Amino acid sequence: MHLRKGDPAYRITTRPALFAEPGTEVLIKGILPGIKNFSGEKIQWYLAAELRDRIRHSGVSIRVVDRTSRMEFRVEPRQFEGRLLHELDGSLPAQSEVYAELYLHAHSPANAVSLYRSGTRVLENLSEISGFARMPWASGYVQGIIDAPFLNLTPGTRLGIIHDSALARLADELAPLESRLAKIIEDQQRAEEERATRDVLRSVQGALKEALLALPAEEYDWFDLHRGEGSHRVRAAGQSESVETWPEDDLSTAVEALSGEENPHGQRQFFEFAGPLFSATISPKSSIIETGGSRALRAVARDRSRRRVEHNLTYAWAIAEGQGTLEDANAEVTTFHAAIEPGLARAEVTVAQGVVICKAEAQITVAASLVPKAGGSDSSYQGLPGYTYHKAAGELWRSRFDAEHNLVVINNGHRDFVYAARNKMLKLRYICRLFAKELVLKNFIGIQPDQLLERLLELTLYSEENLR
């Protein structure tokens, strides 16, 4: 076959030659200089996409031999990513010649549905046609092919479609498929939003819990975090009314709550088992007690993924600074007994697992007297709140606390939320600050505005450090 540039005609002549193996050999001479930059791998990618269905249906085997790089490539039909949508069967008319193979994938601008004619690609993205520049073709959730053998190509090229009755026929036949596909994408978006909401809540609550580990427990004793669900503090015999101590079971529950970990009764999965020791901390990390009182301290060991490490550990407690004594210096849980004079003390624990050694410190303030907590000890606690959205565009409020349902209601119509939603991390920090605002307002009642702002800055600082 002899072809010439600019001449649509061709001629076929017989050439007596022997081939090393069965097949067709194509020899192209006089190619443009820029074409020489194409490697065998790029040609493989091009043919795998352009001739995908023709290769699949014909069963032909194509090999690209790149003598420059001394490599050989086998052309495999392009494989799409995502979940093949089998539920689209029956969405096309019974007598339709249109073939649809569509895959639902995570949202990405690179996802596109290509238009084919008899197995050869004519448009890389169907939404390039003005009549298809809409949901679901331009959604970014779907990739795959639409093959319509009755389409008419633009003369002189195969990379274009004539906008005629054949294209209008394609639009009519795809209408039921569009409706079904749009419903599937809406379900996918709703599931992603719910998953994102759970991830944001888990991240914000985890950051707040880590912040409360570093802040004085007596000043930030909110929502029963330092008690554990369903547990109660008990007074040790001989202590004053303002001094409280931990029973060991309650302390364990509290540390679990503060560390953001769950303790399900079911069997744990493989990835839920802790790895080797990586870090250690003391709970509570900062506390205030009265002179002559006591405070239970617990060493919390974690692996690199912040899971609790519980086996093959040794503990060594010591007073690094200040006055006071420790009980059970080699146990996971120890009791600090304050001196009879006010002052600052610093407790230190060394946790070892084999050759791995981690250290942690806790700051203890010993005061002459403690201010009783407002509200008494029988107030109801519900744990850290969740959050929900309420769209109130044009209104100035950013968030409100629903005490009845223990929820932070966020105005997702506020201009600040719209601005923050452009970036995932920015949105996460914004929601965390709204949580901090509502928690400070609820739990520091009656203090001066300047002190309220100081508390807000303090909690925001320690929380945002742990956002992930």
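Tutor: The expected span of a helix is 1.5 Å times one less than its number of residues, where helices (H or I, at least four residues) and strands (E, at least two) are DSSP runs numbered from the N terminus. This is a predicted model, in which local features need pLDDT of at least 70 and side-chain atom pairs count only at pLDDT 80 or more, while totals for chains, interfaces and linings use all residues. Residues are numbered from 1 along each chain as its sequence is written, and side-chain values use heavy atoms, with hydrogens and water left out.

Student: How many Å apart are the end C-alpha atoms of helix 3?

Tutor: Helix 3 runs over the 50 residues 165–214, and at 1.5 Å a residue it should therefore span 74 Å. The model agrees with that expectation, the end C-alpha atoms of helix 3 being separated by 70 Å.

Student: At which residue in helix 3 does the kink lie?

Tutor: At the N-terminal end, helix 3 is capped by D164, which has a side-chain oxygen 3.1 Å from the backbone nitrogen of A166. Further on, shortly before the proline P176, helix 3 has a kink of about 40° (the angle between axes fitted to the seven residues ending at a residue and the seven starting there), and this kink lies at A175.

Student: With which residue does D199 form a salt bridge?

Tutor: A salt bridge is a side-chain nitrogen of Lys or Arg within 4 Å of a carboxyl oxygen of Asp or Glu. D199 is partly exposed at 40% relative accessibility (buried is under 20%, exposed over 50%, partly exposed in between, with a 1.4 Å probe and protein chains only). Its partner lies three residues away in helix 3, about one turn of the helix, and with the closest N and O atoms 3.1 Å apart this partner is R202.

Student: How many residues apart in sequence are the parts that E332 and R298 tie together?

Tutor: The side chains of E332 and R298 meet in a salt bridge with an N to O distance of 2.7 Å. E332 lies in the loop between strand 14 (325–327) and strand 15 (333–337), whereas R298 lies in strand 12 (residues 294–302), so the pair joins parts whose separation in sequence is 34 residues.

Student: Is D303 buried or exposed?

Tutor: D303 meets R307 in a salt bridge, side chain to side chain, at 3.1 Å from N to O. R307 counts as partly exposed at 27% relative accessibility, whereas D303, with a relative accessible area of 3%, is buried.

Key. Polar contact = N/O pair within 3.5 Å; in protein donor to acceptor, adjacent residues only side chain to side chain.
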